[in-house]
Amino acid sequence: MVSVVSLTTQVVTKNRYTFYNIVCLNKIKKYYFQFDAVAYINKVFPTEQSLSGVESAAARCEFRLAGVDTDIRRLVRAHAQQRHAGQDALRDAQRCIAELALQVADINKASERSEVVVREITAEIKQLDCAKHNLTAAITTLNHYHMLVGGVDSLRAMTAARQYKEVVLPLQAIMEVLQHFECYKDIKEISSLRDQVCQIRTALGAQILSDFKESFGGKGGPPVRTLADACAVVDALEPKVKKELLHWFINMQLQEYVLLFSAGEESAWLAHVERRYAWLKKHLLAFEEARAQLFPPHWRLSERLAEQFCQLTREALGRLMASRRNEVDVKLLLHAIQKTYNFELLLHKRFVGTDVGTDAAGPRASDSQNAFDSDAKESAADADLAPGGGGGGAASPWVGLIGGCFEPYLSLYISSLDANLRSLMDRFAQDARAAPGAGGGAGAVMASCADLFLFYKKCLVQCARLSTGEPMLELAGVFQKYLREYASAVLQSALPRGGGPGGAGALPLALAGASVPSLVTNLHTFLRDDPAARYTKQEIAKITSVITTSEYCLETTVHLEQKLKEKVSPGLADRIDLLPEQDLFHKMIGTCIQLLVQDLELACEPALQAMTKISWLHFDNVGDQSSYVTQIIMHLKNAVPDLRDNLASSRKYFTQFCIRFANSFIPKFIQNIYKCKPISTVGSEQLLLDTHMLKTALLELPSIGSEVKRPAPATYTKVVIKLMTKAEMILKLVMAPLDGNLEGFVAQFVQLLPECTLAEFHKVLDMKGAKLSKAQLSSLDALFKETSKNVNSDNNK
């Protein structure tokens, strides 16, 4: 091995020197082939004076050439010698490798012979180990068999002597021993012992059950201490023994209840339902004092007794209400529901943290979460007890264990809620028609709105305690009905009647039963007979109060829909949709904003009419802003601050009012500009000044009259600038010259007002007082259409 490594190292070293020599030759070759003689001579002899040393330079070159030739000859000879040495080293390495392979083969043969020897030595040891294992298993099995035989005899004797306390440990030991004989069950003796054990366990269970029946049946029986020991034996027997014993004992305890509250007894009816619950409370106290110590605590016999009582009561009340359905009214039903719920809460507090109720049959009451208006701590605390963990609390198996029997009759409860909401809505409508300001401060949410949703919250919490099925859907339908009723009979009635434009008093009585959405949508189209009358401050306060109330209703309705979907059964959640009611309140808000816009426009209307009556043709000089602009700004300062204060809690709707007013008022202002004809250049300049002053006032409209100046919303500013810029462009076109350059005027018009129509083009010509023949006008129209078409095509590109 050492010789192989040494030879390999020598070969690599020699080859490395060879490679180095080849590289040197390549570098020399590359140098000579790339050598530029002219450049080198110019570098050595840069001037004529340097040519004096040409002989010495030539001598140096010859000396260097001779040295290079010598190096090349040496390298070529060394390369040939090293090539032969490398081949010799390779042959030596191959020979060493062959010798190494022979040595490895010899080692493998030796190891195989050693393995055979070791296997022969250990074979006898393995046999001894296997024999030891089998012997140990046989001894253990015999010991278990001896224990089993002796245990069966002693178990039989202790069973006959009712030594239940001593039976527990042997019985458990025998059952563990039988587990070891599972693989020997085909052996006759083992099978016989297993059968004997099964017979003893069966007899033991029957004997214990008989002892309990004799003891509690008044026929004597073993002493109480023996029965307590027997309960420990029952835990060691099959589960069905314990189940049968508990079933018999609980039914025996409830026999008196079944007889006292049978269907023919007066106390069985819903009016006396609290007597049932009083009986159980009294019976549980007596049982826990006298009998509870007989049974192990982990049997939870009191909980099981209460659970069976709830099941019997639920079935009995269900049958009783089905047979006497005509006698069930809302008052009686609510009385029974409340008493039952209070009793279920009592059971929850008594047996909190138990697992009872998981096997109860039949539907349960659903989760009862905090209502959407979560301001009642007591209701929220009760909701936490409902099955499903409503409100974030732990689930209770007791709430709804009896109350589920009332679910088929909850339609009476829903009808009662409908009637209560009807009377409540009538009172709200009467209050809404009261004198202005009766509902609270200006722009405040109506008190009736909070009362309505507080009532909704109570109904939702109470109904969720009883059912999450169809009754919850019925309740959602009632909620939707009275949300629409509230919008129609309360919010609409709160709007001023006969006090301003679009007043609700103008609605004909025949429309009182029309659908609310159509009423709200078209409310602003019913104008009063006296268009000059405006709303008073109290009536404005009423309108803003309707806006804030509608906003509150809108937001709370969204939350109400979420809570309804959370409480209802998952399969019914998709059937709850309050979007139409939300749209209804949206439309109510839009209508009220439109009424406010119309009222402010009505205030500015005389000033706009005064603008058209001014003789703009005979203006001599441009002065300050005109009186009509002063009047418009005065109306804005008088009306907008009050609106802003009234809508302080609904700032976004004040912004909507400003945007709607700008979108409605500025186009009217432009139409009145068209009516100012004919107009001189000086008049156009004065009107342009007035337009600029009005634009400045409109840009400051959201903060007009306010001590705190804040920038107007960007959306509103964009609208005002766009529309008022159009008015300014119109006046600039009116001042533009027309004579001699009609094509230039048309091009300028289309450039400044690309969205204007041919009719507006004619209005501008009328304002300029242009006197054109029919042919000239037709030519201008054609030129206008062609220019507009070209500009629009360029913009599209």
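**Exercise 1. How many aromatic pairs does the count come to?**

Start with the ground rules. This is a predicted model, where local features need pLDDT of at least 70 and side-chain atom pairs count only at pLDDT 80 or more, while totals for chains, interfaces and linings use all residues. Residues are numbered from 1 along each chain as its sequence is written, and side-chain values use heavy atoms, leaving out hydrogens and water.

Step 1: get the rule straight. Rings of Phe, Tyr and Trp (its six-membered ring) pair if their centres lie within 6.5 Å; planes under 30 degrees apart are stacked, over 60 edge-to-face, and the rest tilted.

Step 2: apply the rule, and the count comes to 25 aromatic pairs.

Step 3: try one pair. The ring centres of W279 and F309 are 6.4 Å apart and the planes meet at 15 degrees, so this pair is stacked. It links distant parts of the chain, with W279 in helix α9 (residues 273-290) and F309 in helix α10 (residues 301-323), 30 residues apart. Helices here are DSSP runs of H or I with at least four residues, strands are runs of E with at least two, and both are numbered from the N terminus.

Step 4: look for a cluster. F212, W248, F249, F287, F295 and W299 form one.

**Exercise 2. Work out whether the rings of W279, F309, W616 and F619 are buried or exposed.**

Step 1: set the scale. Buried is under 20% relative accessible area, exposed is over 50%, and partly exposed lies in between (1.4 Å probe, protein chains only).

Step 2: W279 and F309 are both buried.

Step 3: W616 and F619 form a stacked pair too, at 5.2 Å centre to centre with 10 degrees between the planes. W616 has a relative accessible area of 1%, so W616 is buried. F619 comes out at 25%, so F619 is partly exposed.

Step 4: zoom out. Of the 797 residues of the protein chain, 42% count as buried.

**Exercise 3. Describe how α14 packs against α13 and α15.**

Step 1: take α13 (residues 410-432) and α14 (residues 447-466). They pack at about 175 degrees with axes 11 Å apart. Axes are lines fitted to C-alpha atoms, for helices over the stretch in contact, and angles run from 0 to 180 degrees between N-to-C directions.

Step 2: name the arrangement. Under 35 degrees is roughly parallel, over 145 roughly antiparallel, 65 to 115 roughly perpendicular and the rest oblique; α13 and α14 are therefore roughly antiparallel.

Step 3: sort the contact residues (contact is heavy atoms within 4.5 Å). Those of α13 with α14 split into 14 nonpolar, three polar and one charged. For this sorting, Ala, Val, Leu, Ile, Met, Phe, Trp, Tyr, Cys and Pro are nonpolar, Asp, Glu, Lys and Arg are charged, and the others, Gly among them, are polar.

Step 4: turn to α15 (residues 470-494). It packs on α14 at about 175 degrees, again with axes 11 Å apart, and that pair is therefore roughly antiparallel as well. Their contact has 17 nonpolar residues, one polar and no charged.

**Exercise 4. Find the backbone oddities at R300 and P678.**

Step 1: recall the background. Most residues other than glycine have a negative phi, and most peptide bonds are trans.

Step 2: R300, in the loop between α9 and α10, has a positive phi near 50 degrees.

Step 3: the peptide bond from K677 to P678 is cis, with omega near -10 degrees. P678 is in the loop between α20 (651-674) and α21 (681-699).
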